[in-house]
Amino acid sequence: MTADVTEAITRAHHEEWARVVAALTRRFGDLDVAEDAAAEAFATAVERWPRDGVPVNPGGWLTTTANRRAIDRLRRESKRGEKQRAAVMWHDDEPAAPVGAVEDERLRLIFTCCHPALAPETRVALTLRMVGGLTVPEIARAFLVQEPTMGQRITRAKAKIKAARIPYRVPSAQDLPARVSGVLAVLFLVFNEGYLATGPGTDPVRADLTAEAIRLARLVRALLPDDGEVAGLLALMLLTEARRPARVSPDGELIPLDRQDRNAWDRSLVAEGHALVRERLASGVAPGRYQVLAAINAVHTSAREARDTDWSQIVALYDQLVRLDPSPVVALNRAVAVAELDGPEVALATVDRLGGALSGYHAYHATRAELLRRLGRADGARAAYDDAIGLAGNTAETAYLTRRRDELGAG
Amino acid sequence: MQYLVSVIHDGSSTGTAEEMAAIDVFNDQLRAGGHWVFAGGLAAPASATTVDSRADGPPTITDGPFVETKEQVAGLWVWEAEDLDEALRLAVEGSKACHRKLEVRPFL
């Protein structure tokens, strides 16, 4: 297959998968039929496009092909005398709430996949499969579960959606705020998996996943322009994504924030993120978690050089975040900022108190390692790097931690 | 679409007069909204009898519920609802009214 065709297929998969699944779900009222038919259409493309050429309108070609496959399947099933499934997913034709001009078929899909009647890990898996177009093995690897387990989770979710009649639509106005926050949690998880991809066989950064999360966040933002947390999450993603070009070295090693080439940051993403943060500040409404995280990233991306960073403002923002989200992970990140303001010794005392809750979290050990190193405690640092390397799933992070450890010498 | 709504209770006390009054109000809302199909309260689990006549020979008749758990079904509703979102909205109100956990389960 020529590089051109391979690229066209990859691009079509990124751009059209969710649209094809959403359109077919709407038409046939069945996620399973839609998913299978979409997968078959892409398999057909892999077979035909190298021979026949890439169609002028790949999305249209894929939707038409998937439609035919779905109809074939439904015919086969009714010929085999299987009971015609009466239970099609429920949807209405009216936009559910007068919330905005943008109505995208994919939004129905994402609200269904992120329904609160599904378990949180199921929502993520289903969204990545149906909206993101990841394969079951990819999702299984991303979340460190066995492939059959992940397959079963998705199959059960589809069965529940159908049996319990989880609707295929944008929720009503009264349900919308709670449902949106559920969607944001899923998008953030997808973004993070792209930003810090796990697994030895994956690229350290999966730009397809971060781009997908941003694309969907933009879509939700267009639907709910007044929702502060939607703006906050989008800003957070943009300001994080902006640093992507500077974040991994040519030989695949993670470059921490203070050593990145800031000229390599994506200026337009930074500007867009800053504008969203300013818009939220101007609103005067008390910010939620994502907005505070976005503000922290705005402070980082406002500094021309790492040494210009306004650490007191960052610590103040983390104090605000701790009040909203008093989790050990937030406390750990606050300690990293405290180290810059009050020194590594103060920070280490805080970090050490989190050991009980975070002993299985690689960033806890990596943070301790860096603090111990700065305090000249090489033995402790070396052991902490070892623990972090053992737990880190990201190849670039592992490479960085390994080099930092080896710099300390054999001890 | 019909849903079985089980009222889950983890004690032996029956509903208070206040709860019963709240349930009456809620049932009136269900009727007015066209959601009410059936409702009933159940006697204590200890009053149940389990029958098994699947095998040949005399049926087995056992005193007590089929499964011993701390949480028991204390009553049930059958609701008509457009979809799970509507059923869950009703369940949020219903759980408040009877002051118990509810399980919402679709009929086939």
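In chain B of this predicted model, B:Val7 stands opposite B:Gly75 in strand E5. That pair belongs to a longer match: E1(B) and E5(B) pair in the antiparallel sense over eight bridges. B:Gly75 also turns up on another side of the story, since B:Gly41 stands opposite B:Gly75 too. Here the partners are E2(B) and E5(B), which pair in the antiparallel sense over five bridges.

Now for strand E1 on its other flank. Six bridges join E1(B) to E6(B), and these two run antiparallel. If you want a spot to look for in the structure, B:Tyr3 stands opposite B:Pro106 in E6(B).

Here are the pairings side by side:

| Strand pair | Sense | Bridges |
|---|---|---|
| E2(B) and E5(B) | antiparallel | five bridges |
| E1(B) and E5(B) | antiparallel | eight bridges |
| E1(B) and E6(B) | antiparallel | six bridges |

Put together, these strands make an open sheet of four strands with the order E2-E5-E1-E6 and antiparallel pairing. Which strands stand at the edges? They are E2 (36-41) and E6 (101-106) of chain B; each has a single partner strand, so one side of each is left without a neighbour in the sheet. The sheet has some twist to it as well: neighbouring strands are turned by 20° against each other on average, direction ignored. As background, strands of a sheet pair through backbone hydrogen bonds, either parallel or antiparallel.

Have a look at the side chains of E1(B) next. They alternate along the strand. B:Tyr3, B:Val5, B:Val7 and B:His9 point to one face and are buried, while B:Gln2, B:Leu4, B:Ser6 and B:Ile8 point to the other and are not.

What lies across E1, E5 and E6 of chain B? That's helix H2(B), which runs at about 150° to E6(B). Helix H2 (residues 84-98) has another job in the picture, too: on the side of chain B that touches chain A, H2 gives the most, with three residues. The whole contact takes seven residues from chain B and nine residues from chain A. By class, the chain B side has four nonpolar, no polar and three charged residues.

Zooming out, chain B comes to two helices and six strands. Read along the sequence, the pattern goes β-α-β-β-β-β-α-β. The C-alpha atoms of the chain fill a box of roughly 50 × 35 × 20 Å along the principal axes. Of the 108 residues in chain B, 24% are buried. Among contacts between residues at least 6 apart in sequence, 73% join residues at least 24 apart.

Chain A has its own bit of packing to check out. The axes of its helices H10 (residues 228-241) and H12 (residues 289-302) come within 8 Å and cross at roughly 35°. This crossing is left-handed. Among the residues making the contact are A:Gly232 and A:Leu236 of H10(A), along with A:Ala294 and A:Asn297 of H12(A). By class, this helix contact has eight nonpolar, six polar and one charged residues.

How sure is the predictor about all this? Chain B averages a pLDDT of 91, and 97% of the residues score at least 70. Among the elements of chain B, strand E4 (residues 60-63) has the lowest mean pLDDT (90) and E6(B) the highest (97). For the complex, the predictor gives an ipTM of 0.87 and a pTM of 0.77. Where pLDDT is low, the predicted coordinates should not be read in detail.

Conventions. Residues are numbered from 1 along each chain as its sequence is written. Chains are lettered from A and ligands numbered from 1 in the order in which they are written. This is a predicted model: local features need pLDDT of at least 70, side-chain atom pairs count only at pLDDT 80 or more; totals for chains, interfaces and linings use all residues. Axes are lines fitted to C-alpha atoms, for helices over the stretch in contact, and angles run from 0 to 180 degrees between N-to-C directions. A crossing is left-handed if the near helix is turned anticlockwise from the far one by less than a right angle, and right-handed if clockwise. Two residues are in contact if their C-beta atoms, placed from the backbone, lie within 7 Å. Ala, Val, Leu, Ile, Met, Phe, Trp, Tyr, Cys and Pro count as nonpolar, Asp, Glu, Lys and Arg as charged, and the others, Gly among them, as polar. A residue is buried if 20 or more other C-beta atoms lie within 10 Å of its own, exposed if 12 or fewer, and partly exposed in between; C-beta atoms are placed from the backbone. Two strands pair if DSSP finds at least two bridges between them. pLDDT is the predictor's confidence in each residue, from 0 to 100.
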